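This report describes selected features of one protein model for a reader who is new to structural work. Please keep the sequence and the structure in view while reading.

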Amino acid sequence: MHPSPRITVEVPVLNVGSGPSDYAELGSYVDALRRQQGLHLTLLHIGILADFAQDIADWTKGITAAEAAARATVAWLEGLPVLAGFSARAERLVLLGGGRVSGLEVEVPVQVRDYQVCLVRGLHELLDELLVDNVDDFILSSRALGFRYPRWTPHIAVGRPWTKDRGPWEIRPLAVEFGESRIRNRQFLPDFGTPGHAEG
């Protein structure tokens, strides 16, 4: 069976710095620098929908069926408000994923942090509705969600670190422009007959 795509709520990177050379400079810190096109900042990671739904079914011992969990999750995702595009700033590189990934740590405006908090709060409410008890424990233990840290660090994964050093590394400050929020791999969400939600 081919792997299913991961579902996230994210904002796409539209521009880094004042030109392509600004982003290319990061190659002196990062191995296998990713193409600027396709970079994004993740606001909430749901993971593979079927795995997330099965995690809920397992946690509730079948009281909430996996299909019902998937249906409710898709309806929740489709109903999320859209965060408008914004400008931010990055001044250092940090290590992510246990040291396997280099990321630009991004200083985001307060409305972006507020939106991310609302996403987490909404996830809590969704799980409550799906009869998940001890929601915080579930979130930390769900393999699909993959939460490893209690605090959200806004970042853009840009490549692999050159060294084993843990960093962080100060860089020349970069302005970063982001587009509207979107659901990554939205086209792969199953159609349960719920009304669509325009992203603007």
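The model is predicted. Ser102 touches Val30, Val94, Leu95, Leu96, Ile156, Ala157, Val158, Gly159, Arg160 and Pro161, when residues up to four places away in sequence are not counted. Ser102 belongs to strand β5, which covers residues 101–107. With a relative accessibility of 2%, Ser102 counts as buried, because buried means under 20%.

Trp59, in helix α2, is the next residue to examine. Its relative accessibility is 28%, so Trp59 counts as partly exposed. The contacts of Trp59, again without residues up to four places away in sequence, are Val132, Asp133, Asn134, Asp137, Phe138 and Ser141. Trp59 and Lys164 are 105 residues apart in sequence, and their C-alpha atoms are 38 Å apart in space.

The two residues are set side by side below.

| Residue | Element | Relative accessibility | Class |
|---|---|---|---|
| Ser102 | strand β5 | 2% | buried |
| Trp59 | helix α2 | 28% | partly exposed |

**Helix α3**

Helix α3 consists of 13 residues, from 66 to 78. At 1.5 Å a residue the helix should span 18 Å, and its end C-alpha atoms are 18 Å apart, which agrees. Which residues of α3 are buried? They are Ala69, Ala70, Thr73, Val74, Trp76, Leu77 and Glu78. An α-helix has 3.6 residues a turn, so residues three or four places apart point the same way. The buried residues of α3 pack against the strands β1 (7–16), β3 (40–47) and β8 (182–184), and against the helices α2 (49–59) and α4 (110–129).

**Strand β7 and its partners**

Strand β7 comprises residues 169–178 and runs antiparallel to β1, to which three bridges join it. Within this pairing, Asn15 has Glu177 of β7 as its bridge partner. Strand β4, residues 86–96, also runs antiparallel to β7, and seven bridges join the two. Here Ser87 stands opposite Glu177. Glu177 is thus named in both pairings, with Asn15 and with Ser87.

**The second largest pocket**

What is the volume of the second largest pocket? The value is about 160 Å³. Rolling a probe the size of a water molecule over the atoms shows where empty space is left. Ten residues line this pocket, and Ser4, Pro5, Leu49, Ala50 and Phe188 lie nearest its centre. By class, eight of the lining residues are nonpolar and two are polar, while none is charged.

Methods: Residues numbered from 1 in each chain as written. Predicted model: local features only at pLDDT ≥ 70, side-chain atom pairs only at ≥ 80, totals over all residues. Heavy atoms only, no water. Helix = DSSP H or I, 4+ residues; strand = E, 2+ residues; numbered from the N terminus. Expected span 1.5 Å × (residues − 1). Buried < 20%, exposed > 50% of the residue type's maximum accessible area, 1.4 Å probe, protein only. Contact = heavy atoms within 4.5 Å. 1 Å grid on protein atoms, 1.4 Å probe; cavity = no way out; pocket = protein on both sides within 12 Å on 5 of 7 lines; lining within 4 Å. Points joined across faces, edges and corners; volume = space filled by probe spheres on them. Nonpolar A, V, L, I, M, F, W, Y, C, P; charged D, E, K, R; others polar. Pairing = 2+ DSSP bridges.
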